[in-house]
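Got your viewer open and a selection box ready? Let's take a walk through this one, stop by stop.

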Amino acid sequence: MTSDPVIFQSILIFGAFIAGIVQGATGFGSGIVLNAFWLHILEPSAAISLNIVSCLFVSALPIFKLRKTLNFSKLKSFVTFGVIGIPTGLLILTLTEPTIFKTTVGLILVLFSIWKFKSKNILINFKSSPSLDKLIGFISGILGGFAALGGILPTIWVNLQRLPKNTQRGTYEPFIFITSIAAVVSFYFAGFLNLDIFYYFLKVFPALIIGSLIGVKIYSFIDEDLFQKVILGLIFFAGLVLLLSLIHI
């Protein structure tokens, strides 16, 4: 944690700007980027709370801007159980020792992304099923409530199916938005959303929006192959952030 106010403000706002660009360009990853920056300057509960609120707003704008482009047909089966999983994740955050959880999830994400990069020419013919989608949604809700990383599993799942990028994004980005609403409500009633969080959010909001608008412009220039690589890179980065964040526990 830094005591220098200039460094603190710079990390806070620059992290929000980069997260906005990433979210706008890919529909995913703002929570990962914000954790990477904010866990270094804020206590975990404050960083995750601010992250949850930021993810809600930074995912809303790209969805609205791209609403005529994205395919939302696969979203429904994930969402309900994702919302249910949010309070469970919050309970884990407040009552348990997070080291084992973070280590396990971090290692899985790193190993998965490396494997996918190594086996990029192997086609995996996964077919979605309502039961599996619900399970993935529930576990994703837990991850969202625990570490503001609720979009990771839906992203991995649609990536494994090698769906078109507009279908992938039309599944996991609205999932992130809807579960973020549930997370904000849960965090509010749990007492995590105080005036300090609101004050920090007002500071980062312009950077989130400007970054998101830039990212949306970038999205139209990303082809399918590059999109897959960027998503896998973000998943790898998410795993590293979780593992590195253990240093602060």
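What follows is a tour of a predicted model, with something to select at each stop.

**Stop 1: an aromatic trio**

Start by selecting Phe 8 and Tyr 200 and showing their side chains. General tip for this stop: two aromatic rings are described by how far apart their centres are and by the angle of their planes. Here the centres are 5.7 Å apart with 50° between the planes, and the pair counts as tilted. Now colour the helices: Phe 8 belongs to helix H1 (residues 5–26) and Tyr 200 to helix H9, so this contact ties together parts that are 192 residues apart in sequence. Are these two residues buried or exposed? Both Phe 8 and Tyr 200 are buried, and for Tyr 200 the relative accessible area is 17%.

Add Tyr 199 to the selection, and you have one aromatic cluster made of Phe 8, Tyr 199 and Tyr 200. The rings of Tyr 199 and Tyr 200 sit with centres 6.3 Å apart and planes at 45°, so that pair is tilted too. Tyr 199 counts as partly exposed, at 46% relative accessibility. If you feel like hunting for others, the structure holds 11 aromatic pairs.

**Stop 2: further along H9**

Stay with helix H9, which covers residues 195–219, and move to Lys 217. At 63% relative accessibility, Lys 217 counts as exposed. Select Lys 65, Arg 67 and Lys 68 along with Lys 217: these residues form a positive patch on the surface.

**Stop 3: the loop before H9**

Go back to the loop between H8 and H9 and pick Asn 194. Asn 194 is partly exposed, with 40% relative accessibility. Then select Ser 49 and draw a distance between the two C-alpha atoms: Asn 194 and Ser 49 are 145 residues apart along the chain, and the C-alpha atoms are separated by 9.3 Å.

**Stop 4: helix H8, with a salt bridge and a patch**

Next, select residues 165–189, which make up helix H8. Show the side chains of Arg 169 and Glu 173, which form a salt bridge with the closest N and O atoms 2.7 Å apart. The partners are four residues apart in this helix, which separates Arg 169 and Glu 173 by about one helical turn. Behind that is a simple rule: an α-helix has 3.6 residues a turn, so residues three or four places apart point the same way. Try a surface view as well: both Arg 169 and Glu 173 are buried.

Now slide along to Ile 181, also in H8. Which residues join Ile 181 in a nonpolar surface patch? They are Val 185, Tyr 188 and Phe 189, and together the four have about 450 Å² of accessible area. Ile 181 counts as partly exposed, at 38% relative accessibility.

**Stop 5: the other salt bridge**

How many salt bridges does a search of the whole structure find? The count is two. For the one not yet visited, select Lys 229 and Asp 225, whose side chains meet at 3.3 Å, N to O. Lys 229 and Asp 225 lie four residues apart in helix H10 (residues 224–245), again a separation of about one helical turn. Lys 229 is partly exposed, at 38% relative accessibility, and Asp 225 is partly exposed as well, at 47%.

**Stop 6: into helix H7**

Select residues 152–160, the span of helix H7: eight of the nine are buried, so this helix is largely enclosed by the rest of the structure. Among the buried ones are Ile 152, Trp 157 and Leu 160. Pro 154 is in H7 too, and at 0% relative accessibility this proline counts as buried. Select Pro 87 for another distance: Pro 154 and Pro 87 are 67 residues apart in sequence and 18 Å apart in space, C-alpha to C-alpha. Just after the helix, look at the backbone of Arg 162, which takes a positive phi of about 55°.

**Last stop: helix H6**

Finish with Ser 131, in helix H6 (residues 130–147). Is Ser 131 buried or exposed? At 59% relative accessibility, Ser 131 counts as exposed. For a closing distance, add Phe 78, which is 53 residues from Ser 131 along the chain, with 9.5 Å between the C-alpha atoms.

Key: Residues are numbered from 1 along each chain as its sequence is written. This is a predicted model: local features need pLDDT of at least 70, side-chain atom pairs count only at pLDDT 80 or more; totals for chains, interfaces and linings use all residues. Side-chain values use heavy atoms; hydrogens and water are left out. Patches are made of residues with over 30% relative accessible area and no salt bridge: like charges are joined within 9 Å, nonpolar side chains (Val, Leu, Ile, Met, Phe, Trp, Tyr) within 5 Å. Accessible areas come from the Shrake-Rupley method with a 1.4 Å probe; for residues, only the protein chains shown count as cover. Lys and Arg count as positive and Asp and Glu as negative; His and the chain ends are not counted. The place of a charge is taken as NZ of Lys, CZ of Arg, CG of Asp or CD of Glu. Helices (H or I, at least four residues) and strands (E, at least two) are DSSP runs, numbered from the N terminus. Buried means under 20% relative accessible area, exposed over 50%, partly exposed in between (1.4 Å probe, protein chains only). Rings of Phe, Tyr and Trp (its six-membered ring) pair if their centres lie within 6.5 Å; planes under 30 degrees apart count as stacked, over 60 as edge-to-face and the rest as tilted.
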